[in-house]
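Reader: I have a model open on my screen, and I would like to understand the words people use for its parts. Could you go through the reasoning with me?

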Amino acid sequence: NYHNSIQAFEKARQLIPGGVNSPVRAFKSVQADPIFIKKAKGARIWDIDDNEYLDFVASWGPLILGHAHDEIVEAVKEAATLGTSYGAPTLIETEMAELITAMVPSVQKVRMVNSGTEATMSALRLARGFTGRDLVVKFAGCYHGHADSFLIKAGSGAITLGLPDSPGVTKAAAQNTLTAEFNNLESVKKLFEERGHDIAAVILEPVAGNMGVVLPEPGFLKGLRELTEQYGSLLIFDEVITGFRLAPGGAQERFGIEPDLTTLGKIIGGGLPVGAYGGKAEIMNQLAPEGPVYQAGTLSGNPLAMAAGKVMLKTLKDNPKIYAGLERKATNLEAGLSANLDKKGIPGVINRIGSMMTLFFTQEKEVKSFDQAMKSDTARYASYFKKSLESGIYLAPSQFECLFVSDAHTDDDIQCII
Ligand code: PLP
């Protein structure tokens, strides 16, 4: 007897600790009533109260082609007949690996897992196994999933929950994690000067999507590449957000910098749970049984997920027009919003690269660091979020306006948001 979204939320809260999933929990952080989805297609969703929304959340996650993409639906139906037997691989996983290694420049070998968190955890374990070192450098505001060490000064959901320092992280995770400042190469150099030969890896979001969209300053990624090479540490790009989004080969293709390891998630599964990590063959060969680093996963590479991911990646690989369309729509969106802010005298900064765009309500002139991102006016955002929802526009309930355009958004949809 929970036939509307408010009742459904109450019921879910009784049964599912942690608030169902982060977006629903985040609804509370902006003091809005959550919606529960009944049906979705393209850029539209319908909730169980029969309201229709123009959706800008799914495209922030995996659905860069929109909801219920016909070919993905068909492929998943077909794959359901293949079973998901542990230890009995299907051809489809190898076909996925072929696509990933063809698309992502630095990835020669790739291992499937079930989420972005698993991908980043596994990549770090591999980096430690490969280098024989303990320490990992991460950046304040970069989010790499919900494993302990990643929550130290994390962005995204952890900020929403008011846990930027995550007091609950285990001692070992905290001791082995050093935190630097994004776009501040000097802060990383200092850590390397002090403890460089104990540092297994530097991990970062090459475009920091979890503190809004914060772009790497010119020279920052290259500087990290040189520093890690100098000290024999690995450079890991967490491309869970940027992968397949900024270019078929993600941020590393866009910026022309090749990391040692790459983690992937979101888009890679076409809406089903898939993560992956990959990189240079000599590093990936450390995985058992060839090497000492253990990796498993009952459902890793399962055909349902692989089928959805395969259609997604193949569609992106074979249709460069999609990227041109995303760029055009996102450029129009940025120009329209910027003109609107000026006209209304609302202070704000827009950061954008490709289809990734964030509007910060802030008095700052620019947002290039975690500290600047944290100064955005979340109360103003919350009020816009609620107003948008009431007028049928579903935005990411984050602490910024994250507007990631998808192939399913039409030019009219863009005008609607503006
Ligand atoms: N890394 C980045 C950059 C992410 O944005 C996320 C999730 O938002 C993760 C890792 C964790 O991925 P998942 O939520 O699939 O575990």
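Author: Happily; what follows is a set of questions and answers about this predicted model.

Reader: Let's begin with one residue. Why is alanine 12 called partly exposed?

Author: Alanine 12 has 17 other C-beta atoms within 10 Å. A residue is buried at 20 or more and exposed at 12 or fewer, so with its count of 17 alanine 12 falls in between and is called partly exposed. You will find alanine 12 in helix H1 (residues 5-15). Its C-alpha atom is separated by 44 Å from that of leucine 224, which is 212 residues apart from alanine 12 along the chain.

Reader: Now the sheet of seven strands. What makes E4 and E6 its edge strands?

Author: Look at the order, E4-E10-E9-E8-E7-E5-E6, in an open sheet with mixed pairing. Strand E4 (109-113) and strand E6 (177-180) each pair on one side only, and that puts them at the edges. Neighbouring strands here are turned by 20 degrees against each other on average, direction ignored.

Reader: How do you know that E4 and E10 pair?

Author: Two strands pair if there are at least two bridges between them. E4 and strand E10 (residues 275-279) have five bridges, in the antiparallel sense, so they count as a pair. As one place to look, valine 113 stands opposite glycine 275 in E10. Helix H4 (residues 91-103) packs on this sheet, touching E4 and E10, and its direction makes about 125 degrees with that of E4.

Reader: And what makes E7 and E8 a parallel pair?

Author: Their four bridges are in the parallel sense. One of the links joins leucine 204 to its bridge partner in E8, phenylalanine 237.

Reader: Why is E8 described as mostly covered?

Author: Five of its five residues are buried; buried requires 20 or more other C-beta atoms within 10 Å, so E8 earns the description. Leu234, Ile236 and Asp238 point one way, Leu235 and Phe237 the other way, and all are buried. That fits a general pattern: in a regular strand the side chains alternate between the two faces of the sheet.

Reader: Which residues have the most contacts inside the largest nonpolar core?

Author: They are Ile100, Ala127, Ala201, Val202, Ile236 and Ala276, in a core of 115 residues. Helix H12 (residues 303-318) supplies the largest share of this core, nine residues. Valine 202 touches, among others, Val137, Leu224 and Ile236, leaving aside residues up to four places away in sequence.

Reader: There is a second, smaller motif I'd like to ask about. Why are E11 and E14 at the edges of their sheet?

Author: The order is E11-E12-E14, an open sheet of three strands with antiparallel pairing. Strand E11 (349-353) and strand E14 (401-402) each have a single partner strand, so one side of each is left without a neighbour in the sheet. Strand E12 (residues 356-360) and E14 pair over two bridges, and at least two are needed, so this pairing counts. Threonine 358 has cysteine 402 as its bridge partner in E14. Helix H13 (residues 320-344) lies across E11 and E12, running at about 175 degrees to E11.

Reader: Finally, which residues come nearest to the ligand?

Author: Of the 16 residues around the ligand, these are Ser115, Gly116, Thr117, Gly145 and Val240. By class, the shell has three nonpolar, 11 polar and two charged residues. Helix H5 (residues 116-131) gives the most to this shell, with three residues.

How values were computed. Residues numbered from 1 in each chain as written. Predicted model: local features only at pLDDT ≥ 70, side-chain atom pairs only at ≥ 80, totals over all residues. Near = placed C-beta within 6 Å. Nonpolar A, V, L, I, M, F, W, Y, C, P; charged D, E, K, R; others polar. Axes fitted to C-alpha atoms, helices over the stretch in contact; angles between N-to-C directions. Contact = placed C-beta atoms within 7 Å. Core = buried A, V, L, I, M, F, W, Y, C linked by C-beta atoms within 7 Å.
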